[in-house]
Amino acid sequence: MTTTLWRGARLVTLADARGWGLVERGALLVDGDTIAWSGAESELPSGTHADAEVDLGGLLVTPGLVDCHTHLVYAGQRAGEFEQRLEGATYEEIARAGGGIRSTVAATRAASDETLFDLARERALALMSEGVTTLEIKSGYGLERETEAKMLRVARTIGRMLPVRVRTTFLGAHALAPEFAGRPDDFIDAVCGDMLPALAHEGLVDAVDAFCETIGFTPSQTERVFRAARALDLPVKLHAEQLSDQHGAALAARYGALSADHLEWLGADGIAAMAESGTVAVLLPGAFYYLRETRLPPIQSLRDANVPIAVSTDCNPGTSPITSLLTTMNMACTLFRLTPQEAIRGVTINAARALGLAGEIGSLEVGKVADFALYDIARPADLAYGVGLNPCAEAVNGGTVSVPRPARRDPALEPPSAR
């Protein structure tokens with residue numbers, strides 16, 4: 001294995017439960033794909049050998065960013081619905097009239113594997129250019145076995161063809177398939193008895209999700225999906241409390257869910273259950289912004305209960321057509337009043353927890369995978385500052401350098417050494 005010493009760095013290790021874990025004049029020793037040592041250069045053990053050295057010249061180094069909730073694989077677009085909402089139509093009205101998720105289902109069913117890959121590849125590259133090294137990708141725009149499998153195969157291919165780690169989530173219970181109009185329980189039978197077992201047998205599923213909502217599925221229907229997932233030893237997560245309080249987060253927590261996502265209508269019972277189970281609260285400010293919601297997630301209550309908070313793009317064609325995790329961090333700060341440190345923890349260590357990967361990625365600690373991102377900025381908090389600004393100079397995934405892109409520098413964000 002090749003050993004590389006990355007030196008001259010300002011490390012944001014996030015190794016402690018609180019604080020940045022900032023190490024000035026830091027270094028990372030990477031052995032193959034693993035962090036073998038992390039700390040101040042002055043404390044490098046004597047006799048440390050490296051096959052190669054890279055001087056980072058004072059760049060800020062964070063754990064690789066993790067986008068833990070995306071719908072990256074889809075065809076078509078829904079700009080018309082954006083216009084409808086601005087003219088007064090609600091998300092629920094559009095969905096009940098046959099738009100929303102179902103319009104994307106039609107386009108995705110009609111698209112080839114190659115088309116879906118090409119579209120998803122461009123979205124993934126946009127996220128990777130900002131320092132994203134791990135992505136979650138959901139299905140849910142097929143609503144029948146063949147297209148759900150097609151979406152998940154494309155997601156797996158993204159992970160093989162690009163230097164990014166991909167976790168796949170089966171979201172068959174995303175909306176009622178048109179073939180099952182008026183028969184939601186029969187559709188859940190198909191999800192649990194046909195789609196999920198077949199896709200799991202193919203090795204396409206890392207986790208299972210559902211949309212528990214008045215325009216989605218009831219808590220009892222959702223619980224049937226959870227039972228089917230647990231019977232296959234698959235972890236669960238949930239779209240919960242986005243438009244109303246269905247007590248989905250508490251249900252998810254009872255099944256040891258990795259995460260409950262959205263949460264604008266989350267109540268005290270859900271918060272308590274999530275705190276007890278360790279379920280991560282994934283905030284999706286892009287959807288809040290695009291839907292012009294006004295009810296904020298209960299951020300302070302989540303803090304008070306020590307529920308881990310993650311942040312994600314929710315990249316999808318209808319309610320969050322965003323391929324910038326940095327912009328999403330800014331939204332989390334400006335709309336939800338997260339601190340920059342909470343936002344950065346939300347796209348690193350807490351996002352890793354939301355994928356069940358906290359033992360492998362999300363912080364710069366010995367024994368973890370060598371995923372990290374290099375930024376030409378003065379302070380860690382600057383990552384949540386700009387909109388349309390990308391200070392990422394390079395990213396490293398599993399010890400391998402991703403294709404670098406020139407940073408668009410802003411003098412206000414230059415590191416002290418450059419001033």
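Where is Leu263 found in the loop between secondary-structure elements? The legends below, which describe close-up views of a predicted model, start from this residue.

**View 1. Leu263 and Leu143, two loop residues with positive phi.** Leu263 is found in the loop that runs between strand 11 (259-262) and helix 9 (268-277). The phi of Leu263 is near 75°, a positive value in a residue other than glycine, and the residue is buried, with a relative accessible area of 0%. Leu143 sits in the loop between strand 7 (132-138) and helix 5 (145-161), where its phi, near 60°, is again positive in a residue other than glycine. At 1% relative accessibility, Leu143 counts as buried. As background to this view, most residues other than glycine have a negative phi.

**View 2. Strand 15 and its antiparallel pairing with strand 14 and with strand 16.** Strand 15 (residues 392-397) has five of its six residues buried, so it is largely enclosed by the rest of the structure. Strand 14 (residues 372-375) pairs with strand 15 in the antiparallel sense over four bridges, and the bridge partner of Phe372 in strand 15 is Val396. Strand 15 also pairs with strand 16 (residues 400-401), in the antiparallel sense and over two bridges; here the bridge partner of Val396 in strand 16 is Val401. Val396 is thus named in a bridge with Phe372 and in a bridge with Val401. The hairpin of strand 15 and strand 16 has two residues between the strands, and within this hairpin Gly398 takes a positive phi near 60°.

**View 3. Helix 12, with Asn330 and its contacts.** Helix 12 has 12 residues and reaches 15 Å from its first C-alpha to its last, close to the 16 Å expected at 1.5 Å a residue. The helix is mostly covered, with 10 of its 12 residues buried; among them are Leu325, Leu326, Met329, Met331 and Phe336. Asn330 has its place in this helix (residues 325-336) and is buried, with a relative accessible area of 12%, which falls under the 20% that defines the buried class. Leaving aside neighbours within four places in sequence, Asn330 is in contact with Ala384, Tyr385, Gly386 and Val387. The C-alpha atoms of Asn330 and Gly386 are separated by 7.0 Å, although these residues are 56 residues apart along the chain. Just after helix 12, Arg337 takes a positive phi of about 65°.

**View 4. Thr13 in the loop between strand 1 and strand 2.** Thr13 is found in the loop that lies between strand 1 (3-12) and strand 2 (22-31), and the residue is buried, with a relative accessible area of 8%. When residues up to four places away in sequence are not counted, Thr13 touches Trp20, Gly21, Val23, Ser38, Pro63, Ser363 and Leu364.

**View 5. The largest cavity and its lining.** A search of the whole structure finds three cavities of 30 Å³ or more, and the largest cavity has a volume of about 120 Å³. Of the 13 residues that line the largest cavity, Tyr91, Ile101, His174, Asn316 and Thr319 are the closest to its centre. The lining of this cavity divides into four nonpolar, seven polar and two charged residues.

**View 6. The largest pocket and the helices that line it.** About 460 Å³ of space lies in the largest pocket, which is lined by 15 residues, with Ala17, Arg18, Val307, Arg345 and Asn350 lying nearest its centre. The elements that give two or more residues to the lining are helix 11 (299-304), helix 13 (340-346) and helix 14 (349-354), and the largest share, three residues, comes from helix 13. By class, the lining of the largest pocket has five nonpolar, five polar and five charged residues.

**View 7. The second largest pocket, with helix 2 and helix 3 in its lining.** The second largest pocket has a volume of about 310 Å³, and of the 18 residues that line it, Ala95, Arg102, Ala175, Leu176 and Ile215 are the closest to its centre. Helix 2 (91-96) and helix 3 (101-110) each supply at least two residues of this lining, and helix 2 gives the most, with three residues. By class, the lining of the second largest pocket has 11 nonpolar, five polar and two charged residues.

How values were computed:
Residues are numbered from 1 along each chain as its sequence is written. This is a predicted model: local features need pLDDT of at least 70, side-chain atom pairs count only at pLDDT 80 or more; totals for chains, interfaces and linings use all residues. Side-chain values use heavy atoms; hydrogens and water are left out. On a 1 Å grid over the protein atoms alone, a cavity is a set of points where a 1.4 Å probe fits but cannot get out, and a pocket is an open set with protein on both sides within 12 Å along at least five of seven lines; lining residues have an atom within 4 Å of a point. Grid points are joined across faces, edges and corners, and a volume is the space filled by probe spheres set on the points. Ala, Val, Leu, Ile, Met, Phe, Trp, Tyr, Cys and Pro count as nonpolar, Asp, Glu, Lys and Arg as charged, and the others, Gly among them, as polar. Buried means under 20% relative accessible area, exposed over 50%, partly exposed in between (1.4 Å probe, protein chains only). Two strands pair if DSSP finds at least two bridges between them. Contact means heavy atoms within 4.5 Å. The expected span of a helix is 1.5 Å times one less than its number of residues.
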